Amino acid sequence: MAKAATTKTDPGHAPMPAAAGANAPRPGNGAHKGSLIVVGTGIRTVGHLTMEAVAWIKQADKVLHVVGDPVAELMLKELNPNGAESMTGMYAEGKPRIDTYNQMVERTLECVRAGMLTCMACYGHPGVFVYPSHESIRRARAEGYSARMLPGISSEDCLFADLGVDPGISGCQSYEATDFLLNGRVIDPTSSVVLWQIGVVGDATFKPLGYDLSAMPLLVERLLAIYPATHPMYLYEAAVFHGCEPVIRQITAHELAYGPLSAGYTLYIPPAYQSTSDPTTYYRMNAMIAANKAATGAAIG
Ligand SMILES: C[S@@+](CC[C@H](N)C(=O)[O-])C[C@H]1O[C@@H](n2cnc3c(N)ncnc32)[C@H](O)[C@@H]1O
């Protein structure tokens with residue numbers, strides 16, 4: 001692939017690949033050299049990586065990545081042979097994930113502070129259920145460095161496509177499964193619901209060979225207090241490799257308690273009930289529109 005037509009200069013003065021254009025990292029206070037651009041590689045990197053992200057990856061001095069599949073890692077290495085550096089080795093069996101995330105933030109800031117145009121590349125959308133990306137940007141800006149994030153294709157985007165769900169029809173609530181359990185989140189069962197990290201619920205550590213799902217009965221109990229026992233739900237895993245099919249398993253809430261779940265699963269719950277319309281607001285809305293039309297007509301006339 002052709003190299004992006006750019007020159008790398010002081011990042012405080014927005015040294016941008018031509019393709020990046022208006023999405024240059026936002027200057028912090030412009031006081032320091034070094035900058036941060038956070039990109040997403042999508043779920044199927046080969047098809048989902050945007051041209052904008054490619055331009056940044058090629059241009060960066062350092063590409064710190066957490067992509068988790070060998071094809072994506074290889075692609076990043078090909079795009080930036082000298083700068084690509086995996087951070088997935090920071091995970092370790094039984095280690096609290098928050099410790100790993102903080103280590104990733106530290107490594108990222110280390111590169112920015114060393115004056116590098118630093119690219120953090122995360123799979124999916126880099127700002128969706130990703131702590132180190134937001135935290136690195138927040139800290140880089142606080143220290144006066146230029147930092148910004150580009151969007152990517154998330155697993156929820158793939159879910160909408162693969163399950164044929166339009167969130168505009170009934171609305172869509174999205175929660176992290178453990179957060180949903182612990183923080184009294186309120187579900188509207190007339191709307192679609194997406195529960196992320198269903199396969200690691202209750203376990204804050206990293207476990208490559210299967211998470212401790214002892215707390216799953218609590219989630220089942222909560223769901224059964226909201227939905228009929230027979231209500232269909234879908235365990236979903238988007239295909240990571242081109243040419244593969246997604247995993248879509250229809251289950252009921254009870255079945256969540258059986259069997260191992262992949263850490264890559266997301267739970268989709270379709271609406272269980274029809275929403276009820278609000279006639280009072282409907283009439284008030286129409287009355288306001290009619291009044292505005294009358295007033296505007298009167299003014300013109
Ligand atoms: C830490 S979050 C990262 C999400 C990612 N940033 C994104 O944009 O999709 C991990 C969770 O994302 C969801 N996820 C990741 N990969 C997935 C896939 N291939 N299919 C479905 N859901 C996935 C799962 O809920 C998983 O537990």
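A residue counts as buried if 20 or more other C-beta atoms lie within 10 Å of its own. By that criterion, 36% of the 301 residues in the protein are buried. The structure is a predicted model, and its secondary structure consists of 10 helices and 10 strands. Of the contacts between residues at least 6 apart in sequence, 65% link residues at least 24 apart.

**Strand S1**

- Strand S1 spans residues 35-40, and 6 of its 6 residues are buried, so the strand is largely enclosed by the rest of the structure.
- In a regular strand, side chains alternate between the two faces of the sheet.
- In S1, Ser 35, Ile 37 and Val 39 point one way, whereas Leu 36, Val 38 and Gly 40 point the other way.
- Residues pointing in either direction from S1 are buried.

**Strand partners of S1**

- Strand S4, residues 117-122, runs parallel to S1 and is joined to it by 6 bridges.
- Within S4, Ala 121 is the bridge partner of Val 39.
- Strand S5, residues 146-149, also runs parallel to S1, with 4 bridges joining the two.
- Ser 146 in S5 stands opposite Ser 35.

**Surroundings of the ligand**

- The ligand is surrounded by 18 residues, of which the closest are Gly 124, Phe 129, Ser 154, Ser 155 and Ala 238.
- The shell around the ligand comprises 9 nonpolar, 8 polar and 1 charged residues.

Notes:
Residues numbered from 1 in each chain as written. Predicted model: local features only at pLDDT ≥ 70, side-chain atom pairs only at ≥ 80, totals over all residues. Near = placed C-beta within 6 Å. Nonpolar A, V, L, I, M, F, W, Y, C, P; charged D, E, K, R; others polar. Buried ≥ 20, exposed ≤ 12 C-beta atoms within 10 Å, placed from the backbone. Contact = placed C-beta atoms within 7 Å. Pairing = 2+ DSSP bridges.
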